[in-house]
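Q: Got a minute to walk through this one with me? I'd like the fold, the core and any pockets.

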Amino acid sequence: MNKEINNKGKVVQVIGPVVDIEFSEASMPAIGDALLIQIEGKKVVLEVAKHLESGRVRAFALASTDGLARGAEVEGTGEGLKVPVGQEVLGRVFNVVGEPVDGKGPVAGAKPTPSEGAAYGVMDRSPVNVPLLAADWVSTPEDVDAVLA
C-alpha cells in the first residue's frame with residue numbers, strides 16, 4: 001500500500017458490509033482503491049465501489065463490519081488491493097486480501113500484484129463439435145506459460 005498517500009475519512013453509514021465514508025473533496029479515493037479501518041483491534045480492508053455525492057464514497061468491506069460505528073476513522077491507501085503472486089504462493093491458503101491464513105507464516109519473495117487488471121487472452125477456439133482434450137494443448141510447464149501469456 002502507498003504510504004505517501006494519507007487520506008483520512010469518517011464512516012457516516014454502515015449497512016452490513018456496505019459502508020459510506022466521507023472524505024474531503026481533495027482527498028477522495030478512486031473507485032477500486034483500498035481503504036483501511038480498525039474494528040475492535042482488527043484491520044479490515046474495504047474497497048471503494050462508488051462515488052456518491054461530493055465528498056462521499058460507498059465501499060464494501062472484505063471482512064465482518066460487526067462493531068463498526070459511525071464516526072470511525074478510515075484511511076485511504078491511494079491504490080487498489082494487491083495480492084501475492086508467484087511460485088511461493090503455491091500450496092498456500094490466503095484470505096480475500098492476500099493474507100496467509102494457513103498458519104505457515106508470511107510469504108517471502110512473492111510479488112504483490114493488483115488483484116484487478118486486464119484479463120488474460122483467450123486461446124483460439126475450435127468448433128463446438130470438436131472435443132478439446134487437455135493433453136492436446138498442455139503437456140509441459142512451458143505450454144501452461146504459453147496459454148497464460
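The chat below goes through the overall fold, the core, the pocket and a few loop residues.

Q: What kind of model is it?
A: It is a predicted model.

Q: How many helices and strands in the protein?
A: Two helices and eight strands.

Q: And in what order do the elements run from the N terminus?
A: β-β-β-β-β-β-β-β-α-α. The strands come before the helices.

Q: How much of the protein counts as buried?
A: 25% of its 149 residues.

Q: What about the accessible surface?
A: About 9,900 Å². Carbon and sulfur atoms hold 55% of that.

Q: What share of the contacts is between residues 24 or more positions apart?
A: 53%, counting contacts with a separation of 6 or more.

Q: OK, core next. Which residues of the largest nonpolar core touch the most other members?
A: I21, L35, I37, L46 and V74, in a core of 15 residues. At least two core residues come from each of strand 2 (18–22), strand 3 (33–39), strand 4 (42–51) and strand 5 (56–61).

Q: Is there another core, and which residues are in it?
A: A separate core has five residues, including A34, L36, V45 and L81.

Q: Back to V74. What is it in contact with?
A: Skipping neighbours within four places in sequence, V74 contacts N7, K8, G9, V11, I21, F23, L35, L36 and I37. I21, L35 and I37 are also on the list of residues that touch the most other members of the largest core.

Q: Switching to pockets. How much space lies in the largest pocket?
A: About 380 Å³.

Q: Which residues lie nearest its centre?
A: K82, P84, V97, G98 and E99, out of 21 lining residues.

Q: Which elements give two or more residues to that lining?
A: Strand 4, strand 6 (73–80), strand 7 (82–85) and strand 8 (111–114). Strand 7 has the largest share, with three residues.

Q: How do the lining residues divide by type?
A: 13 are nonpolar, six are charged and two are polar.

Q: Now loops. Where is E40, and what is its phi?
A: E40 sits in the loop between strand 3 and strand 4. Its phi is near 50°, a positive value in a residue that is not glycine. Most residues other than glycine have a negative phi.

Q: Is E40 buried or exposed?
A: Exposed, because its relative accessibility is 68% and the cut-off is over 50%.

Q: What about T65, buried or exposed?
A: T65 counts as buried because its relative accessible area is 11%, and buried means under 20%. T65 is in the loop between strand 5 and strand 6.

Q: What is T65 in contact with?
A: Leaving out neighbours within four places in sequence, V14, G16, P17, V19 and I39.

Q: And A63, where is that?
A: A63 is also in the loop between strand 5 and strand 6. At 39% relative accessibility, A63 is partly exposed.

Q: How far is A63 from V96?
A: 8.7 Å between C-alpha atoms, with their positions 33 residues apart along the chain.

Q: Last one, V107. Where is it?
A: In the loop between strand 7 and strand 8. V107 counts as partly exposed, at 21% relative accessibility.

Q: What is V107 in contact with, and how far is it from V85?
A: Neighbours within four places aside, V107 contacts E88, V89, R92, F94 and P100. V107 and V85 are 9.8 Å apart, C-alpha to C-alpha, and 22 residues apart in sequence.

Methods:
Residues numbered from 1 in each chain as written. Predicted model: local features only at pLDDT ≥ 70, side-chain atom pairs only at ≥ 80, totals over all residues. Heavy atoms only, no water. Helix = DSSP H or I, 4+ residues; strand = E, 2+ residues; numbered from the N terminus. Buried < 20%, exposed > 50% of the residue type's maximum accessible area, 1.4 Å probe, protein only. Contact = heavy atoms within 4.5 Å. Areas by Shrake-Rupley, 256 points an atom, 1.4 Å probe, with all protein chains shown as cover. Core = buried A, V, L, I, M, F, W, Y, C linked by side-chain atoms within 4.5 Å. 1 Å grid on protein atoms, 1.4 Å probe; cavity = no way out; pocket = protein on both sides within 12 Å on 5 of 7 lines; lining within 4 Å. Points joined across faces, edges and corners; volume = space filled by probe spheres on them. Nonpolar A, V, L, I, M, F, W, Y, C, P; charged D, E, K, R; others polar.
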